[in-house]
Amino acid sequence: MLGNFLIGLREGLEAALVVVLLLAYLRKTGRQRLIPRVWAGVGVAIAASLGAGALLTFGPRGLTFEAQEMIGGGLSIIAVGLMTWMVFWMTAAARKLGPELRERVDQSAEGSAWGLFLVAALAVGREGLETALFIWAAARATGQTWQPLLGSLLGLAVAVVLGILIHRGALKINLRMFFAWTGAALIVVAGGVLAYGVHDLQEAGVLPGLHHLAFDVSAAVPPSGWPATLLKGVFNFTPATTWLQAIAWTAYVIPVMFLFLRLVRRGVPAPAASARA
């Protein structure tokens, strides 16, 4: 549940920041007449995200067990790829997000009537689709139904409140530190989703080694007990882990975390420094 809360919070805040920047810039430049286009784009993006979530939830039903596991494993791996890209991109783009959006608004305002609508729809819709896919994959990994949805909804609700406070000038957040801490946590969550995706593909017969376990701590950590439930809900940890799952988790989390922390420590150059370079 905590992992899904972080997903909803991070993705929701990214989308909220986009909307806040769009609205603030339109008001500042005297283009209030274009604000309804922004909200129309946001509405379409939310509807598309909900539709994607429904398709992921109900689409695979009726298929064979092997087909469901194959689809689930493949989509889980895709979700991990998208989440990894999002974590690195947002960490690097936190400082230049505003100028890029303002430039796109200027171009859209001078172009067709649908330009600004598309800017809002694509910017928010991308976050929504990524959220739907990753939450679905995380829910499969934990074997839970309503808990991941509740966690993500709470995260989105907090993100909306933060967006409103930022828009009104009542709250300032160090976005670089926020995306650094949440990014590191989500890399660990993504590692668990990747391991579970590998397990799905093993159950589908696509990958070997389903019965070759790297460790089995079910006796010490019963799968039905609260420690296992907590570990599974937060880190997607399974007491019985195959060798291929352990290798996939290690090969993903260690190098990705190293590269991410190096990016955070190095920091993003200031716009003036980038221009001089």
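This report walks through a predicted model of a protein, from its overall make-up to a few of its residues.

**The overall picture**

Let's start with confidence. The pLDDT of the protein averages 78, and 79% of the residues score at least 70. Confidence varies from element to element: helix α9 (residues 243-266) has the highest mean pLDDT at 92, while helix α10 (residues 271-276) has the lowest at 37. The pLDDT stays below 50 over residues 268-277, a stretch with 7 contacts in the model beyond near neighbours in sequence.

What is the chain built from? The secondary structure comes to 10 helices and 2 strands. Reading from the N terminus, the order is α-α-α-α-α-α-α-β-α-β-α-α. Of the 277 residues, 45% count as buried. Among contacts between residues at least 6 apart in sequence, 82% join residues at least 24 apart.

**Two helices and their spans**

Helix α9 has 24 residues, and its first and last C-alpha atoms are 34 Å apart, close to the 34 Å expected at 1.5 Å a residue. Helix α2 (residues 35-58) has 24 residues as well, so it should span 34 Å; the 35 Å between its end C-alpha atoms agrees with that.

Which residues of these helices are buried? In α2, they are Ile35, Val38, Gly41, Val42, Ala45, Ser49 and Leu56. In α9, the buried residues include Gln245, Tyr252, Met257 and Phe260, along with several valines such as Val253 and Val256.

**Four residues to look up**

The table lists four residues, each with its relative accessible area. As you read it, remember that a residue counts as buried under 20% and as partly exposed between 20% and 50%.

| Residue | Relative accessible area | Class |
|---|---|---|
| Val193 | 0% | buried |
| Thr182 | 8% | buried |
| Glu130 | 9% | buried |
| Leu153 | 48% | partly exposed |

Val193 lies in helix α7 (residues 175-203). Its partner for a distance check is Phe134: the two are 59 residues apart in sequence, yet their C-alpha atoms are 8.6 Å apart in space.

Thr182 is found in helix α7 too. What does Thr182 touch, leaving aside its neighbours within four places in sequence? The answer is Leu6 and Arg10. With a relative accessible area of 8%, Thr182 is under the 20% cut-off, so it counts as buried.

Glu130 takes us to helix α5 (residues 115-142). Is Glu130 buried or exposed? Glu130 counts as buried because its relative accessibility is 9%, under the 20% cut-off. Not counting residues up to four places away in sequence, Glu130 touches Glu11, Trp85 and Met86. Glu130 can also be compared with Ile7: 123 residues separate them in sequence, while their C-alpha atoms are 9.5 Å apart in space.

**Out on the surface**

Now for the outside. The protein exposes about 14100 Å², and carbon and sulfur atoms supply 71% of that area. Which residues make a nonpolar surface patch of about 260 Å²? They are Leu149, Leu153 and Leu156. Leu153 belongs to helix α6 (residues 146-167). Why does Leu153 count as partly exposed? Its relative accessibility is 48%, so it falls between the 20% cut-off for buried and the 50% cut-off for exposed.

Terms used: Residues are numbered from 1 along each chain as its sequence is written. This is a predicted model: local features need pLDDT of at least 70, side-chain atom pairs count only at pLDDT 80 or more; totals for chains, interfaces and linings use all residues. Side-chain values use heavy atoms; hydrogens and water are left out. pLDDT is the predictor's confidence in each residue, from 0 to 100. Helices (H or I, at least four residues) and strands (E, at least two) are DSSP runs, numbered from the N terminus. Contact means heavy atoms within 4.5 Å. Buried means under 20% relative accessible area, exposed over 50%, partly exposed in between (1.4 Å probe, protein chains only). Accessible areas come from the Shrake-Rupley method with a 1.4 Å probe; for residues, only the protein chains shown count as cover. Patches are made of residues with over 30% relative accessible area and no salt bridge: like charges are joined within 9 Å, nonpolar side chains (Val, Leu, Ile, Met, Phe, Trp, Tyr) within 5 Å. A salt bridge is a side-chain nitrogen of Lys or Arg within 4 Å of a carboxyl oxygen of Asp or Glu. The expected span of a helix is 1.5 Å times one less than its number of residues.
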